[in-house]
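Visitor: Could you take me through a single part of this model, slowly and up close? I would like to see how one strand sits among its neighbours.

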Amino acid sequence: MKVASFYSTNADDPDVYHDESTCSPGSQIPASNKAYGTGGYRKCKNCVAISG
Ligand SMILES: [Zn+2]
């Protein structure tokens, strides 16, 4: 399911944003590291695959 774009503020995480609720790496981002928007990053490959 499509959700508002978000990304991780953890520098160790890939520089991508997510917008699918079922994205596995996206759903593993803890709330404390979660920021809304794209962060100027490109979309996560996993989210691209989910959205088709
Ligand atoms: Zn994703």
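Guide: Happy to! A strand here is a DSSP run of E with at least two residues, and strands are numbered from the N terminus. With that in hand, we can place His18: this residue lies in strand β2. Please keep in mind that we are looking at a predicted model.

Strand β2 covers residues 16–20, and Asp19 belongs to this strand as well. The strand is mostly covered, with five of its five residues buried. His18 has a relative accessible area of 4%, so this residue counts as buried, given that buried means under 20%. Next along the chain, Asp19 has a value of 7% and is therefore buried too.

Now let us look at who lies beside β2. On one side of our story is strand β1, made of residues 2–8, which is joined to β2 by three bridges and runs antiparallel to it. Within this pairing, Phe6 stands opposite His18. Phe6 also appears among the contacts of His18, together with Ala4, Ser5, Cys23, Pro25, Gly26, Ile29, Cys44 and Cys47, once neighbours within four places in sequence are left aside.

The other partner to visit is strand β4. Two bridges join β2 to β4, and these strands run parallel. β4 consists of residues 42–43, and Arg42 is part of it. The bridge partner of Arg42 is Val16. Val16 is also one of the residues that Arg42 contacts, along with Asp15 and Tyr17, again leaving aside neighbours within four places in sequence. The C-alpha atoms of Arg42 and His18 are 8.9 Å apart, while 24 residues separate them along the chain.

Is Arg42 buried or exposed? Its relative accessible area is 69%, so Arg42 is exposed, the cut-off for exposed being over 50%.

Let us return to Asp19 for a last look. Its side chain makes a polar contact of 3.3 Å with the side chain of Lys43. Lys43 is also in the list of residues that Asp19 touches beyond four places in sequence, which holds Met1, Lys2, Val3, Ser5 and Cys47 too.

Here is one general idea to take with you: in a regular strand, side chains alternate between the two faces of the sheet. Keep it in mind as you turn the model and compare the contacts listed for His18 with those listed for Asp19.

Key:
Residues are numbered from 1 along each chain as its sequence is written. This is a predicted model: local features need pLDDT of at least 70, side-chain atom pairs count only at pLDDT 80 or more; totals for chains, interfaces and linings use all residues. Side-chain values use heavy atoms; hydrogens and water are left out. Helices (H or I, at least four residues) and strands (E, at least two) are DSSP runs, numbered from the N terminus. Buried means under 20% relative accessible area, exposed over 50%, partly exposed in between (1.4 Å probe, protein chains only). Contact means heavy atoms within 4.5 Å. A polar contact is a pair of N or O atoms within 3.5 Å; within protein, one must be able to donate a hydrogen and the other to accept it, and residues adjacent in sequence count only if both atoms are side-chain atoms. Two strands pair if DSSP finds at least two bridges between them.
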